[in-house]
Amino acid sequence: MSQLEIKNLHVSIGDKEIVKGLSLTIKGGEVHAIMGPNGTGKSTLSKAIAGHPDYTITSGEVLLDGVSILEKEADERARAGIFLAFQYPSEIPGVSIANFLRAALQARLADGEEIDASGYYKRLYAKMDLLKIDRKFTSRAVNDGFSGGEKKRCEILQMAMLEPKFALMDETDSGLDIDALRIVADGVNTMRSPNLGVLLITHYQRLLDYIVPDYVHVMYDGRIVKSGDKNLAHELEAKGYDWIKKELATAQA
Ligand code: ADP
Ligand code: MG
């Protein structure tokens, strides 16, 4: 079983510290949700783990199965098994989903190795059947003119094909309609297994009605300030975040 360990992570953008000492361990098979007010560093956390070049990790560690990934470039982290689902996926007109996914898988092979075309389509169709995606879907250009729900479907299919060890899914502020929400939830629930750990970042409790997390963490001002089970998400939905801020103020006083 795989393990992703985030240890006392500090992340800056320019000279501004955004993530201020965050620790979290995710094991294969677990779904962890991170909730928290806007601007608290949730997206920064996921992008820093994935290796986005704008985010500087000033201290701390991120270990995948005991090995640091921080020296690796974003593509190497992806190959090691980290998948970042984008809040706003890019459109790639002229490139079909089928060809895009094939290129993504090809990129993981060693030089001179070629993807087996018939094996590839067999696998693609098996994953599409599993996720209940129409065959016609993969002949469309990547995200070109897609609805929010179709973009999510495209992402979930990428995730299914790449079979990451850990998926970081940042759904904050993405204004997912109920259709898109269901697509993400059904996809993640279908893929839930001991081989996949999920970090689900969400501003709203609603998504967690569909993907029931094993753990819920509240992030505030760059740190995890409270952890619990799925009931914590309901509590946040009912009471907002202010009580957490008050609790912190009392604790610090
Ligand atoms: P959240 O996802 O919790 O809403 P973010 O990680 O997006 O929070 O942002 C945390 C803080 O970092 C905010 O103050 C935001 O303005 C700042 N920030 C995020 N991305 C950038 C960036 N690319 N350049 C400068 N500041 C940024
Ligand atoms: Mg965000």
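Start with the whole chain and turn on its surface: the accessible area comes to about 12,200 Å², and 48% of that belongs to carbon and sulfur atoms. Keep in mind as you click around that this is a predicted model.

**The whole chain**

Stay zoomed out and switch to a C-alpha trace. Along its principal axes, the trace spans about 65 × 40 × 35 Å. The radius of gyration is 18 Å, which agrees with the value near 18 Å for a compact globule of 253 residues. Color by burial next, and 47% of the 253 residues count as buried. Now color by charge: there are 31 positive and 36 negative charges, and their mean positions sit 3 Å apart.

Go to cartoon view, where you'll find nine helices and 12 strands. If you draw the contacts between residues at least 6 apart in sequence, 69% of them join residues at least 24 apart.

**The four-stranded sheet**

Time to zoom in. Select strands E1, E2, E4 and E5, which make an open sheet in the order E2-E1-E4-E5, with antiparallel pairing. Its edges are E2 (16-27) and E5 (67-68), each of which pairs on one side only.

Walk across from the E2 edge. E2 and E1 (residues 3-13) run antiparallel and share nine bridges. To see one of the pairs, select Leu-4 and look across to its bridge partner in E2, Ile-26.

Next, pick E4 (residues 56-64), which is antiparallel to E1 and joined to it by seven bridges. Here, try Ile-6, whose bridge partner in E4 is Val-62.

While you have side chains showing, remember that in a regular strand they alternate between the two faces of the sheet.

Finish the walk at E5, joined to E4 by two bridges, again antiparallel. Leu-63 has Ser-68 as its bridge partner in E5. E4 and E5 form a hairpin with two residues between the strands, so select Asp-65 there: it takes a positive phi near 50°.

**Ala-141**

For the last stop, jump to Ala-141 in strand E8 (residues 141-142). Is Ala-141 buried or exposed? Its relative accessibility is 17%, so Ala-141 counts as buried, the cut-off being under 20%.

What does Ala-141 touch? Leaving out residues up to four places away in sequence, show Ile-92, Pro-93, Gly-94, Val-95, Ser-96 and Phe-146 to see its contacts. Then draw a C-alpha to C-alpha distance from Ala-141 to Tyr-125: the two are 16 residues apart in sequence and 17 Å apart in space.

Terms used: Residues are numbered from 1 along each chain as its sequence is written. Chains are lettered from A and ligands numbered from 1 in the order in which they are written. This is a predicted model: local features need pLDDT of at least 70, side-chain atom pairs count only at pLDDT 80 or more; totals for chains, interfaces and linings use all residues. Side-chain values use heavy atoms; hydrogens and water are left out. Buried means under 20% relative accessible area, exposed over 50%, partly exposed in between (1.4 Å probe, protein chains only). Contact means heavy atoms within 4.5 Å. The radius of gyration is taken over C-alpha atoms; the globule rule is 2.2 Å times the number of residues to the power 0.38. Accessible areas come from the Shrake-Rupley method with a 1.4 Å probe; for residues, only the protein chains shown count as cover. Lys and Arg count as positive and Asp and Glu as negative; His and the chain ends are not counted. The place of a charge is taken as NZ of Lys, CZ of Arg, CG of Asp or CD of Glu. Two strands pair if DSSP finds at least two bridges between them.
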